[in-house]
Amino acid sequence: MKKYLVETYYTCNFKTVHTLNNLDDVELSKIDKRNDGEVEVIDVKLYNRKTKKIGGKTDEKSKNSKLDKNLQENISNQLSNSTKGKKDHNVSLKVKNNARFKMPDRRKGYIQKAQIGDHKVYLHTGEYDDGKIGEIFIDTNKEGELVKAMMNNFAIAISLGLQYGVPLEEYVDAFIDTKFEPSGNVIGNDRILSASSILDYVFRELAISYLGKEDLAHTPSIASTKNLNSNDGEDKFLKIVKNITSKGFVRSNYEEKLVDLSDVRINLKNKN
């Protein structure tokens, strides 16, 4: 009797589903070390098979196709059973439905007008309640309808990425120093004097305004104290707030929108 040793190799494709409380870089960096994920087998395929002769004559032929099918089912069942007891505690993470942080209906932001060469560029920003940027719009003149449509949809793509948790730093690193026309001197922006393209200008402005990257600015930051020392009886702090806050956004209700942090600290100390 002859004997044969058959070695069969399979490739198994599967996915692991985790539930996250927050979608940020810290949680994503720890996800590979977690063991509470739900495993779902996608596909099991025959990769390779080796046969070695170890003895006498075989009495019957093995049915490879049937054996392969049975082994695939066994592997799938074992992987599914390993996480069967955890299904009640885990919910599938659907990024498209749950991970988007939508902008508030009434939002803060600013509009920056600048001129690059002979082209005017209007940058609109939208912010969350905590001041984090969540959307941008880019308007240009002297451009064809195709270019305007491309810039508009590019801004929408960037906005969606920001709302799904893509850090602004990634966009800044990707688009800073990109070179195409229009380029040259920048007029109308007090921190940026030149740009190699519209994208270079836009993300340089966003990096300075929202990330504090002063190394990307061409001029130093100088705080304006104009008209803050007038003796009209108005609180100096309220004047500063009026200079940096949109009157339309707060609907002229500056005092109702203000939170006096000094009083909060005093109250907390008194309670302790």
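In this predicted model, helix H4 passes helix H6 in a right-handed crossing. Two packed helices are described by the angle between their axes and the distance between the axes. For H4 (residues 145-163) and H6 (residues 198-210), the angle is about 35° and the axes lie 13 Å apart. Where the two helices touch, H4 contributes Met-151, Phe-154 and Ile-158, while H6 contributes Ile-198, Leu-199 and Phe-203. Sorted by class, this contact holds 6 nonpolar residues, with no polar and no charged ones.

Helix H6 has another helical partner to look at, namely helix H5 (residues 168-175). Here the axes come within 9 Å of each other and cross at roughly 145°. The crossing of H5 and H6 is left-handed, whereas that of H4 and H6 is right-handed. On the H5 side, the contact is built from Leu-168, Tyr-171, Val-172 and Phe-175. On the H6 side, Leu-199, Asp-200, Phe-203, Leu-206, Ala-207 and Tyr-210 take part. The class count for H5 with H6 is 9 nonpolar, no polar and 1 charged residues. Leu-199 and Phe-203 are worth finding in the structure: they meet H4, and they also belong to the contact with H5.

The next element to trace is the sheet. It is an open sheet of 5 strands in the order S5-S4-S3-S6-S7, and the pairing is antiparallel. Its edge strands are S5 (133-140) and S7, each of which pairs on one side only. Starting from the S5 edge, strand S4 (residues 119-127) and S5 pair in the antiparallel sense over 7 bridges. One of the partnerships to look for joins His-124 to Phe-137 in S5. Further along the sheet, strand S3 (residues 111-116) pairs with strand S6 (residues 184-187) through 2 bridges, again in the antiparallel sense. Within that pair, Ile-116 has Val-186 in S6 as its bridge partner.

At the other edge, S6 is joined to strand S7 (residues 194-195) by 2 bridges, and these strands run antiparallel. Asn-185 finds its bridge partner in S7 at Ser-194. Together S6 and S7 form a hairpin with 6 residues between them. The turn of this hairpin includes Gly-188, which has a positive phi of about 110°.

Helix and sheet can now be put together. H6 lies across S3, S4, S5, S6 and S7, and runs at about 35° to S4. Within strand S5, Phe-137 gives a closer view of one residue and its surroundings. Is Phe-137 buried or exposed? Phe-137 counts as partly exposed because its relative accessible area is 35%, which falls between the limits of under 20% for buried and over 50% for exposed. Leaving aside residues up to four places away in sequence, Phe-137 touches Tyr-122, Leu-123, His-124 and Ala-155. His-124 thus appears both among these contacts and as the bridge partner of Phe-137. Between Phe-137 and Met-151 there are 8.5 Å in space, C-alpha to C-alpha, and the two are 14 residues apart in sequence.

Finally, a view of the whole chain sets these details in context. The secondary structure comes to 10 helices and 7 strands. Of the 272 residues in the protein chain, 26% are buried. Among contacts with a separation of 6 or more, 56% link residues 24 or more positions apart. The protein chain exposes about 19,400 Å², with carbon and sulfur atoms supplying 50% of it.

Terms used
Residues numbered from 1 in each chain as written. Predicted model: local features only at pLDDT ≥ 70, side-chain atom pairs only at ≥ 80, totals over all residues. Heavy atoms only, no water. Axes fitted to C-alpha atoms, helices over the stretch in contact; angles between N-to-C directions. Helix = DSSP H or I, 4+ residues; strand = E, 2+ residues; numbered from the N terminus. Left-handed = near helix turned anticlockwise from the far one by under 90°. Contact = heavy atoms within 4.5 Å. Nonpolar A, V, L, I, M, F, W, Y, C, P; charged D, E, K, R; others polar. Buried < 20%, exposed > 50% of the residue type's maximum accessible area, 1.4 Å probe, protein only. Areas by Shrake-Rupley, 256 points an atom, 1.4 Å probe, with all protein chains shown as cover. Pairing = 2+ DSSP bridges.
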